[in-house]
Each structure stands twice: as structure tokens, then as C-alpha cells.
Amino acid sequence: MRPGRSSRPRTRTRPRHDDAVDGFVIAVDRGRYTCVRPDAGLDDPVVTAMRARELGRKSVVVGDRVGLVGDVSGAPGALARIVRIAERTSVLRRTADDDDTTAEGRLERVVVANADQLVIVSALADPPPRTGFIDRCLVAAYDADIEPLLCLTKADLAGPEAVLGYYTELELPYVLIRPGSELADLRTLLAGRVSVMVGHSGVGKSTLVNRLVPEAERAVGTVSAIGRGRHTSTSAVALRLPPEPGARAGGDPGWIVDTPGVRSFGLAHVSAESLLHGFPDLVEATVDCPANCPHTADEATCALDAWVAAGKADPRRLASYRRLLASQSGEGDAREPERNPGDPLAGS
Ligand SMILES: Nc1nc2c(ncn2[C@@H]2O[C@H](COP(=O)(O)OP(=O)(O)OP(=O)(O)O)[C@@H](O)[C@H]2O)c(=O)[nH]1
Ligand SMILES: [Zn+2]
């Protein structure tokens with residue numbers, strides 16, 4: 001009888017790492033993971049870690065809660081090892097379709113693990129708001145089971161009526177930001193949670209992050225080896241929010257995750273059915289659709305058209321949904337605003 005695998009003596013039992021300490025991953029760069037101990041003070045050093053071989057192919061991303069062994073002192077040159085990844089409460093993904101010329105660019109990527117909230121940062125002017133982009137973010141948020149928050153910046157330049165009108169049916173939580181405005185409402189919504197900030201270039205995201213986390217410059221500096229250019233693998237960095245005035249000591253003030261590398265929210269990994277969850281104002285209508293209705297514009301019996309005609313949802317929302325559907329089936333690029341010439345808000 002040939003000795004089967006199972007008859008080999010099991011000498012290589014995996015170490016259990018009872019001594020592992022908890023860590024929270026705040027940045028990732030080329031195989032090095034920057035972690036903080038959850039109980040660490042503001043001035044305690046961060047811990048640099050690598051993955052232990054026993055993790056196999058499991059990826060570690062910003063927001064992961066991990067077990068660390070080895071040198072967790074955070075002293076210069078010290079390197080710890082990540083031996084465990086805690087089960088994730090949420091996974092925010094995107095398909096990196098901003099680069100579909102390479103196999104890597106078409107990959108579905110996990111942007112952040114364990115986020116509670118997706119803060120969609122959009123300027124009210126300069127650059128003008130793009131509801132197509134916001135709609136994509138909403139799909140990603142609902143798909144990941146993360147709460148969306150609309151953060152409308154440059155409220156000193158234009159009013160929010162047009163954007164809010166578009167989302168009337170959604171009861172989307174929102175905050176308005178202008179230079180020097182109180183950030184108390186936003187801070188309250190961020191406290192104790194992990195919030196991911198996404199937004200187009202120029203909307204004032206960096207300005208806002210620096211206002212929320214005055215040490216952000218310093219914090220970003222600590223992980224500056226990571227760089228912020230497109231050539232790096234980094235697409236997210238977690239920054240610790242300062243404690244709210246009057247907050248109990250030791251309470252978790254929360255984290256914001258900046259996503260400098262995320263330029264678009266490719267949704268190729270989201271099924272057509274899940275896409276609809278990004279449009280809760282349309283979902284109800286589809287109970288009247290025929291079985292397996294593709295909900296496309298050429299589908300004469302699709303109930304969505306009658307729903308909109310009856311004034312139960314904004315026709316621009318239906319148009320946006322169908323643009324995303326079309327982009328998923330490979331028909332054109334939903335990010336081209338010219339596909340919807342009548343609607344200046346529609347681009348993404
Ligand atoms: N009027 C006005 N201008 C603002 C406001 N917030 C930011 N800005 C300006 O908008 C420009 C872009 O701001 P940034 O914070 O660099 O924008 P960003 O979204 O981080 O853009 P990237 O750095 O390209 O990712 C800067 O000139 C800011 O001074 C605001 O609330 N009102
Ligand atoms: Zn339908």
C-alpha cells in the first residue's frame with residue numbers, strides 16, 4: 001500500500017499564536033502593513049508588519065483587524081507578523097475599470113474592510129456635482145452593506161437644491177460644508193465609526209480631511225513612504241479622528257479612510273440584480289415586472305417606465321440606473337456624460 005498523505009505523521013501542527021496582539025491595518029504598501037494597536041495612545045508608534053506565510057493567499061487590506069506576533073514594539077526597523085485576519089463586517093469593493101487595458105486593472109479590488117460608512121464627497125460647484133458618480137458610490141455602498149453619507153462641499157459657491165432634489169426619494173443623509181463652517185454635524189456622524197471618503201479630484205476632499213484631522217499632514221507623513229501617486233499600490237489610508245470634546249476617555253473616536261488612489265468606482269463585480277439595490281427608489285416598481293425582466297429601456301413590459309411616468313421616481317434616476325446596466329453589459333461607457341446630454345448633473 002502506498003503511503004497516503006493522511007498517513008504521514010502530523011508533525012507540522014500550525015502554531016496557534018496565543019500570544020498574538022490585536023492590530024488595525026491603517027496602510028498597505030508593497031507587502032508592508034502599517035498597523036496600530038487598538039489600545040495605543042495617539043503618540044504610540046505604529047507597528048510595521050508583514051504577512052505570515054500561514055495566511056496563504058488571503059489578502060490584508062486597510063481596515064482589517066489582525067493578530068500580530070513578533071516585534072510589535074514599533075521601534076525603528078522592527079517588523080511584526082500578521083498571523084490572523086478577523087472576520088470582516090463589511091467589504092467595500094470596486095472593479096478597477098479605470099484601467100481595463102491590463103489584467104490587473106480589470107481586477108476586482110477590496111478597497112477597505114470593516115467600514116461602517118461611505119462618505120461621498122461632492123462639490124456643489126467647481127467642479128459641478130456628478131450624480132452619475134454619486135449613484136455609482138451608492139451602488140457600491142448598498143452592495144457592501146455600508147451606510148452612505150452625502151458630503152456636499154463648496155456650499156458657499158452654490159446651493160444644494162438640485163442635488164438634493166435628485167435624491168428626494170432616498171432620504172439620503174447629507175451634510176453641507178463651506179470654508180469655516182462648523183463641522184460638528186459631520187463629526188457626530190463620524191464618531192466611533194470607520195468612514196471611507198471618496199470623491200473626484202478637486203472637490204475639496206483633502207481640505208476636508210485636513211480640517212477633520214489636523215494632524216493628517218503628520219499622519220500622512222508617517223506613512224509617506226507609501227506615496228500617493230498612481231504608480232503605487234496604495235489606494236487607502238486610515239486616519240484617526242481626534243476625540244470629540246467631552247467624549248469619554250478611551251472611547252473610540254473613529255477613523256476616516258482617505259482613498260487618494262480611487263478615481264472611479266467600477267462596478268463590474270456587482271450583478272445586475274444587486275445594481276438595483278443602489279436605487280431603492282426604483283426597487284418597489286419591479287414587483288410588477290415580468291419574471292426575469294432585464295429592466296432595460298427596450299423592454300416594453302418593464303414596469304419601471306410606468307413607475308416613473310406616474311411620478312413615483314425621478315426619470316433621471318431611471319436613466320442613471322439604465323446607464324449603469326448598459327455599462328455592465330459592455331455597451332458603451334456609463335462615465336461619459338455626453339450619453340445623457342439633457343442632464344448636466346448626470347456625469348460620473
Ligand atoms: N469655495 C470653496 N473652495 C473650496 C472648498 N473646499 C476646498 N476648496 C478649494 O477647492 C480646491 C480643491 O481642494 P482640494 O482639497 O485640494 O480637493 P481634493 O478633492 O482633495 O482634490 P485632489 O487633491 O485633486 O484629490 C482648492 O483650491 C481648495 O481651496 C470650499 O468649501 N469652498
Ligand atoms: Zn423591469
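Visitor: Is Arg30 buried or exposed, and why?
Guide: Arg30 counts as exposed because it has 9 C-beta neighbours inside 10 Å. A residue is exposed if 12 or fewer other C-beta atoms lie within 10 Å of its own, buried if 20 or more do, and partly exposed in between; C-beta atoms are placed from the backbone.

Visitor: What kind of model is this?
Guide: This is a predicted model: local features need pLDDT of at least 70, side-chain atom pairs count only at pLDDT 80 or more, and totals for chains, interfaces and linings use all residues. Residues are numbered from 1 along each chain as its sequence is written, while chains are lettered from A and ligands numbered from 1 in the order in which they are written.

Visitor: Back to Arg30. Where is it?
Guide: Arg30 sits in the loop between strand 1 (21-29) and strand 2 (32-36). Helices (H or I, at least four residues) and strands (E, at least two) are DSSP runs, numbered from the N terminus. Arg30 also has a positive phi of about 40 degrees, although it is not a glycine.

Visitor: What about the phi of His295?
Guide: His295 has a positive phi of about 60 degrees, and it is not a glycine. His295 lies in the loop between helix 7 (280-283) and helix 8 (303-309).

Visitor: Is His295 buried or exposed?
Guide: His295 is buried, because 22 other C-beta atoms lie within 10 Å.

Visitor: New topic. Which residues come nearest to ligand 1?
Guide: Ser201, Gly204, Lys205, Ser206 and Thr207 come nearest, of the 15 residues around ligand 1. A residue is near a molecule if its C-beta atom, placed from the backbone, lies within 6 Å of it.

Visitor: Which element gives the largest share of that shell?
Guide: Helix 4 (residues 205-212) does, with three residues.

Visitor: How do the shell residues divide?
Guide: Four are nonpolar, seven polar and four charged. Ala, Val, Leu, Ile, Met, Phe, Trp, Tyr, Cys and Pro count as nonpolar, Asp, Glu, Lys and Arg as charged, and the others, Gly among them, as polar.

Visitor: Which peptide bond is cis?
Guide: The bond from Asp126 to Pro127 is cis, with omega near 0 degrees. Pro127 lies in the loop between strand 8 (117-123) and helix 1 (131-144).

Visitor: Zoom out. How many helices and strands are in the chain?
Guide: The chain has nine helices and 13 strands. Buried residues make up 37% of its 348 residues.
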